[in-house]
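User: I am new to reading protein models, and I would like to understand how each label that people attach to a structure is earned. Could we go through it slowly, one label at a time?

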Amino acid sequence: MPVRIKIAVGLAATAFLAVLSALIASAVLFPPPWRWLAAAAACLEVLALLFALDVYVPQVTVYTPCFRRGKKGSRRVALTFDDGPSAVTTEKILRVLKQHGARATFFVLGRSIEGNEKILRRIAEDGHEIGNHGYSHTKMHRLAASKLDDEIQRTERLVRKVARSRTVLLRTPHGFTGPRVGAAARRNGYRIVGWTRGVWDTDRDVTAARIVKRTLRNLEGGEIILLHDARGDDTSHVQRATVEALPDILRGIEALGLSPVPVGDLMSERP
Ligand SMILES: [Zn+2]
């Protein structure tokens, strides 16, 4: 996690605890009606926190159903690549996956399919799973229902036309969800997919060695690993470090006795 995000999370947690402590103290110390007002404000603050966790933290599900990890004790891990297809990196990634006999899930952007149709077809021909990452990489939790449907359906139509495949897995840009996104996923026949392990391979100064380390440190069966073959917010960025890291990641996964699989394979292991 980049330092600026760690600092922001730390400040937000400190502010939350300070306000909650002040409200609880007020509820204890002051007479009615201030006591009840402070207690109601403390409850509202906790509800707001739960809502924020649901929307912004892909590893936490409060209101919005999301497939976040496979079965504990599984001997499989899911490799996922977001934001492609990329004319520069996706085929290199496909070559490495083929050399290792590994399959993965590619959460593609509709915008990036246009002009890269051959690459999307190759993803499907190589036996990988295709998931929907929306059309334009817009943060979905801010969108109205009709715009949400548009983001999902435009990409779905492109995947169907180009790869002749039907995708039912949705990974939202940045993993931001919320009840409205959950309703759109249900309406369009999708399951939202999160991840257990974000390795921040889109950081500008990240090295391949660091990506490998973050991916393999204490890796357990059932985990979903988030990698990128492009960067949705910056189409000129090239994910060189991810391509460079992938052979060592696959060797490391094999050394741990785990198999890299698409997310759908982890889902089918659920009891
Ligand atoms: Zn993305």
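Analyst: Let us begin inside the sheet, where F107 has G131 of β3 as its bridge partner. Please keep in mind that this is a predicted model.

User: What makes β2 and β3 a pair, and in which sense do they run?

Analyst: Strands β2 and β3, the latter made of residues 129-132, are joined by four bridges and run parallel. Two strands pair if at least two bridges are found between them, and the four bridges joining β2 to β3 therefore satisfy that condition. Besides the partners F107 and G131, V108 stands opposite N132 in β3.

User: How do you know that β1 also pairs with β2, and in which sense?

Analyst: Strand β1, residues 76-82, is linked to β2 over three bridges in the parallel sense. Since the requirement is at least two bridges, the three bridges are enough to call β1 and β2 a pair. As one example, T80 has T105 of β2 as its bridge partner. Between these strands the chain passes from β1 through helix α3, residues 90-99, to β2, in a right-handed β-α-β crossover.

User: Are the two faces of β2 covered or open, and which residues tell you?

Analyst: Both faces of β2, residues 105-108, are covered, for T105 and F107 on one side and F106 and V108 on the other are all buried. In a regular strand the side chains alternate between the two faces of the sheet. Strand β3 can be read in a similar manner: E129 and G131 point one way, I130 and N132 point the other way, and all are buried.

User: Why is H137 called buried, while H174 is called partly exposed?

Analyst: A residue is buried if 20 or more other C-beta atoms lie within 10 Å of its own, exposed if 12 or fewer, and partly exposed in between. H137 has 23 other C-beta atoms within 10 Å, so H137 is buried. H174 has 16 C-beta neighbours inside 10 Å, which falls between the two limits, and therefore H174 counts as partly exposed. H137 lies in the loop between β3 and α6, and H174 is found in the loop between β4 and α7.

User: What is notable about phi at H137 and H174?

Analyst: H137 is not a glycine, and yet its phi is positive, at about 65°. H174, also not a glycine, has a positive phi of about 65°. Most residues other than glycine have a negative phi, and most peptide bonds are trans.

User: Which peptide bonds are cis, and what is omega there?

Analyst: One of them runs from P32 to P33, with omega near 5°, and P33 has its place in the loop between α1 and α2. Another joins G84 and P85, with omega about 0°, and P85 is found in the loop between β1 and α3.

User: How do you decide between exposed and partly exposed for L47 and A52?

Analyst: L47, in helix α2, residues 34-56, has 11 other C-beta atoms within 10 Å, and because the limit is 12 or fewer, L47 is exposed. A52, also placed in helix α2, has 15 C-beta neighbours inside 10 Å, so A52 counts as partly exposed. The C-alpha atoms of A52 and G178 are separated by 8.5 Å, although these residues are 126 residues apart along the chain.

User: Why is α3 called roughly parallel to α5?

Analyst: Helices α3 and α5, the latter residues 117-125, pack at an angle of about 15°, with their axes 10 Å apart. Angles under 35 degrees count as roughly parallel, and therefore α3 is roughly parallel to α5. Their crossing is left-handed.

User: And what makes α8 oblique to α9?

Analyst: The axes of α8, residues 208-216, and α9, residues 240-255, come within 8 Å and cross at roughly 40°. That angle is not under 35 degrees, nor does it fall within 65 to 115 or over 145, so α8 is oblique to α9. The crossing in which α8 passes α9 is right-handed.

Notes. Residues are numbered from 1 along each chain as its sequence is written. This is a predicted model: local features need pLDDT of at least 70, side-chain atom pairs count only at pLDDT 80 or more; totals for chains, interfaces and linings use all residues. A crossover is right-handed if, with the strands pointing away from the viewer, the path from the first strand over the helix to the second runs clockwise. Axes are lines fitted to C-alpha atoms, for helices over the stretch in contact, and angles run from 0 to 180 degrees between N-to-C directions. A crossing is left-handed if the near helix is turned anticlockwise from the far one by less than a right angle, and right-handed if clockwise.
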